[in-house]
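Me: Hi! I've just opened this one and would like to talk through its side-chain contacts. Can you take me around?

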Amino acid sequence: MKNRLDRRDFLRRAALGTSGTGVLTACSNVETPDDTGASIQSGPRISWRLASSYPPSVDILHGAAILLAERVKALTGGRFTIRVFAPGELVPPLQVMDAVEAGTVQAGHTSDYYYIGKHPALAFGTSIPFGFSAQQQIAWLSQYGGQDLLREIYADFGIITFPLGNTGAQFGGWFRQPVESLDDLRGLRMRIPGLAGEIMARLGVTVQVLAAADIYLALERGAIDAAEWVGPYDDEKLGFHEIAENYYIPGWWEPGPSIALQVGIEAWNDLPPLYQQVLVSACHEITLLTLARYDIENPRALERLTGEGGVTVRQFPEDIMEAAWSESDAYLREQAAANTDFRRIYDSWSEFRAHSFPYLAGNESAYAQFAFSKF
């Protein structure tokens with residue numbers, strides 16, 4: 001496999017520039033020297049190609065990569081540029097990681113869980129069923145060692161990753177007909193990727209993994225009965241409400257999913273340290289901006305959908321939620337028992353969840369239950 005490296009060597013070579021939340025301030029002046037005394041103004045001119053899994057029609061997700069390119073260019077005085085390619089321009093949307101691994105592009109903007117066929121533990125980089133909110137996901141990745149553990153997996157593919165965006169809590173998807181019990185899921189054809197697809201399959205759903213641009217047509221032609229994507233803002237743009245008017249909550253499989261920037265290790269190592277810091281800084285910044293944009297746009301979109309759009313928001317029945325919880329827990333334990341890499345990440349994830357969930361169930365949950373119910 002191209003660029004396959006010993007994991008320890010990979011992580012040693014890739015360590016510079018991948019940590020430190022103080023980088024934002026350090027990179028605000030393009031004349032700032034790095035620890036070698038070099039400045040960006042004397043740095044080389046470097047041009048990257050970035051393949052995206054997200055079409056321009058979902059402007060917040062696709063726009064995160066555009067913002068990254070603009071920010072990196074500005075902070076390096078135009079010496080480091082990134083050209084963003086939409087899905088299909090260079091590679092299909094679900095083959096972005098393959099392109100980065102092969103060196104066809106230097107970087108990709110995608111969802112880690114699209115590639116669980118390569119390694120099931122990659123799903124932790126996006127979201128796990130009944131896992132973390134956006135706040136918790138960012139904390140686990142950046143402060144609890146989650147990102148370092150994921151990079152050990154990615155080392156086998158010659159890739160280093162960084163969070164680049166978060167959508168916040170996603171919705172449970174669009175259904176042509178209401179699902180009123182667990183029995184209604186059996187035989188249902190649904191577009192749903194990642195570990196959620198594995199769990200839904202255990203609940204009797206016929207699972208399909210489709211890129212964003214293919215979902216509407218599949219719904220319209222009756223090739224699928226249900227589909228999930230992100231949430232009101234993106235889903236409205238893709239027009240799912242025109243076909244399926246039953247909109248379900250919660251998206252228990254993606255309560256706070258991260259989007260990933262995948263970078264080829266050779267491309268990363270070719271960057272001067274100061275450029276590496278700029279890239280890391282921009283990723284931190286844009287992750288928060290992306291989440292903030294969804295927090296602004298999703299409520300507005302949901303008001304339109306449930307108003308003039310005639311959409312009905314429904315909650316998954318209790319028996320579906322309980323079955324999904326049980327099957328998710330069983331699946332994770334099975335994978336952990338069968339795969340050492342999965343186990344290491346699962347143990348860290350479980351440990352963090354065991355501390356974080358009870359904490360948030362107290363103060364924050366009490367506030368939310370009182371204040372949110374006033375509206």
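Reply: Happy to! This is a predicted model, and a good place to start is the salt bridge between Glu-228 and Arg-191, whose closest N and O atoms are 2.7 Å apart.

Me: Where do Glu-228 and Arg-191 lie in the chain?

Reply: Arg-191 is in strand S6, while Glu-228 is in the loop between S8 and helix H9 (232-238), so the salt bridge ties together parts that are 37 residues apart in sequence.

Me: And are Glu-228 and Arg-191 buried or exposed?

Reply: Glu-228 and Arg-191 are both buried.

Me: Which residue in S8 does Arg-191 stand opposite?

Reply: That would be Ala-227. Strands S6 (residues 189-191) and S8 (residues 226-227) run parallel and are joined by 2 bridges.

Me: What's the strand order in the sheet they belong to?

Reply: The order is S7-S6-S8-S5-S9-S11, an open sheet of 6 strands with mixed pairing. At the edges are S7 (206-208) and S11 (312-315), each of which pairs on one side only.

Me: Back to charges. How many salt bridges does the structure hold?

Reply: There are 17. One of them joins the side chains of Glu-152 and Arg-344, at 3.2 Å from N to O. This pair links distant parts of the chain, with Glu-152 in helix H6 (residues 146-154) and Arg-344 in helix H13, 192 residues apart.

Me: Why does Arg-344 count as partly exposed?

Reply: Arg-344 counts as partly exposed because its relative accessibility is 33%, and the partly exposed class runs between under 20% for buried and over 50% for exposed. Glu-152 is partly exposed too, with a relative accessible area of 21%.

Me: What about Asp-347 and Arg-343, where are they?

Reply: Both are in helix H13, 4 residues apart, which is about one turn of the helix. Their side chains meet in a salt bridge of 3.2 Å, N to O. Asp-347 is partly exposed at 36% relative accessibility, and Arg-343 is partly exposed at 40%.

Me: Which residues do salt bridges with shared partners join into one network?

Reply: Asp-59, Lys-237 and Arg-293.

Me: Nice. Switching to rings now: how many aromatic pairs does a search of the whole structure find?

Reply: It finds 24. Phe-132 and Trp-349 make a tilted one, 5.5 Å centre to centre with 40° between the planes. Phe-132 sits in the loop between strand S3 (107-110) and helix H5 (134-143), and Trp-349 in helix H13 (residues 340-371), so this pair links parts of the chain 217 residues apart. Phe-132 and Trp-349 are both buried.

Me: Why is the pair of Phe-162 and Trp-268 tilted?

Reply: Because the planes of Phe-162 and Trp-268 are at 45°, and tilted covers what is neither under 30 degrees (stacked) nor over 60 (edge-to-face). Their ring centres are 5.1 Å apart. Phe-162 is in strand S4 (residues 159-166) and Trp-268 in helix H10 (residues 265-270), so parts 106 residues apart in sequence are tied together. Phe-162 and Trp-268 are both buried.

Me: Which rings are in the cluster?

Reply: Ring pairs link Phe-124, Phe-132, Trp-140, Tyr-144, Phe-342, Tyr-346, Trp-349, Phe-352 and Phe-357.

Me: And what sits over the ring of Phe-357?

Reply: The charged end of Arg-353, 5.7 Å from the ring centre. Elsewhere, Arg-49 lies over the face of Phe-85, 5.8 Å from the centre of that ring.

Conventions. Residues numbered from 1 in each chain as written. Predicted model: local features only at pLDDT ≥ 70, side-chain atom pairs only at ≥ 80, totals over all residues. Heavy atoms only, no water. Pairing = 2+ DSSP bridges. Phe/Tyr/Trp six-rings, centres within 6.5 Å; stacked < 30°, edge-to-face > 60°. Buried < 20%, exposed > 50% of the residue type's maximum accessible area, 1.4 Å probe, protein only. Lys NZ or Arg CZ within 6 Å of the ring centre and 35° of its normal. Salt bridge = Lys/Arg side-chain N within 4 Å of Asp/Glu carboxyl O.
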